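Reader: I should be grateful for a close look at a single part of this structure, namely one strand of its sheet together with the surroundings in which that strand lies. Please set it in the context of the whole chain before turning to the details.

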Amino acid sequence: MEQRKQGRRRPFKKKGFWWWMFPVGVSILTWILFHTVLLAGYVPTESMEPTLKKGSFLIASRVYPGLEQGDVIVFRRGGELLVKRIAAVGGDTVDLEKLTYTQGWVIPKRNWQVVVVPNNSYFVLGDNVNNSFDSRYWEDMYLREADVVAKVWE
């Protein structure tokens with residue numbers, strides 16, 4: 001009888017093993033999902049109100065077929081992630097005189113008032129034009145396609 005018991009030893013109990021493996025597996029899969037497919041973010045300012053309220057959380061897709069005018073995107077600029085809406089895509093013309101500007105904010109001096117957005121670039125604006133530091137105020141006013149991180153689900 002004793003020989004049979006010794007031959008059936010298992011390095012771990014099935015019930016005990018699966019008890020901690022399931023949450024670990026789910027955690028690993030969730031981590032992979034949010035580092036390859038999805039992006040969870042926080043909106044710290046009013047620049048995208050009323051679309052995205054200050055203090056709200058957002059989910060964006062890192063996998064998207066293509067971007068077009070009107071899409072809300074998350075992108076890298078100056079070492080931080082920002083959220084804005086695409087106002088113009090590569091090849092579109094933007095008349096800078098027709099844009100609304102906030103008094104007191106520095107507008108870069110430009111020798112031209114009408115610009116054509118370069119290919120593989122975007123001109124982006126916040127929905128709350130009175131409280132958004134966007135392409136209107138940037139020295140290099142275009143956002144490169146390579147800097148886009150994700151497309152926000154609206």
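Author: Of the 154 residues of the chain, 32% count as buried. The model is a predicted one. The chain exposes about 10,800 Å², and carbon and sulfur atoms supply 57% of that area. Among contacts between residues at least 6 apart in sequence, 62% join residues at least 24 apart.

The chain has two helices and nine strands. Read from the N terminus, the elements run α-α-β-β-β-β-β-β-β-β-β. Seven of the strands form an open sheet in the order 1-2-9-3-4-7-8, with antiparallel pairing. Its edges are strand 1 (38-42) and strand 8 (143-144), each of which pairs on one side only. In general, the strands of a sheet pair through backbone hydrogen bonds, either parallel or antiparallel.

The part chosen for the close look is strand 9, which in the order of the sheet stands between strand 2 and strand 3. Strand 9 comprises residues 148-152, and strand 2 comprises residues 57-61; the two pair in the antiparallel sense over two bridges. On this side, K151 of strand 9 is the bridge partner of S61. Towards strand 3 (residues 72-77), strand 9 is joined by three bridges, and these two strands also run antiparallel. Here A150 of strand 9 is the bridge partner of V74.

How many of the five residues of strand 9 are buried? Four of them are, and the strand is thus mostly covered. As a general matter, nonpolar side chains in soluble globular proteins tend to be buried together. The largest nonpolar core has twelve residues: L39, V43, M48, L52, L58, A60, V72, V74, V83, V149, A150 and V152. Strand 2, strand 3 and strand 9 are the elements that give two or more residues to this core. Strand 9 gives the most, with three residues.

V152 shows these surroundings at the level of one residue. Leaving aside its neighbours within four places in sequence, V152 is in contact with L58, I59, A60, V72, I73, V74 and V83. A second, separate core has ten residues, including A88, V115, M141 and Y142.

Elsewhere in the sheet, strand 7 (residues 121-125) offers a further example, S121. Is S121 buried or exposed? S121 is buried, because its relative accessible area is 8%, and the cut-off for a buried residue is under 20%. Beyond its neighbours within four places in sequence, S121 is in contact with A88, V89, G90, Y142, L143, R144 and E145. A88 and Y142, two of these contacts of S121, are also among the residues of the second core.

Finally, there is the matter of pockets. The largest pocket has a volume of about 310 Å³. It is lined by 18 residues, of which P44, T45, L81, L82 and V83 are the closest to its centre. Strand 1 and strand 4 (80-89) each supply at least two residues of this lining. V83 thereby connects the pocket with the strand examined here: V83 is among the residues closest to the centre of the pocket, belongs to the largest nonpolar core, and is in contact with V152.

Note on methods
Residues are numbered from 1 along each chain as its sequence is written. This is a predicted model: local features need pLDDT of at least 70, side-chain atom pairs count only at pLDDT 80 or more; totals for chains, interfaces and linings use all residues. Side-chain values use heavy atoms; hydrogens and water are left out. Two strands pair if DSSP finds at least two bridges between them. Helices (H or I, at least four residues) and strands (E, at least two) are DSSP runs, numbered from the N terminus. Buried means under 20% relative accessible area, exposed over 50%, partly exposed in between (1.4 Å probe, protein chains only). Contact means heavy atoms within 4.5 Å. Accessible areas come from the Shrake-Rupley method with a 1.4 Å probe; for residues, only the protein chains shown count as cover. A nonpolar core is a set of buried Ala, Val, Leu, Ile, Met, Phe, Trp, Tyr and Cys residues joined through side-chain atoms within 4.5 Å. On a 1 Å grid over the protein atoms alone, a cavity is a set of points where a 1.4 Å probe fits but cannot get out, and a pocket is an open set with protein on both sides within 12 Å along at least five of seven lines; lining residues have an atom within 4 Å of a point. Grid points are joined across faces, edges and corners, and a volume is the space filled by probe spheres set on the points.
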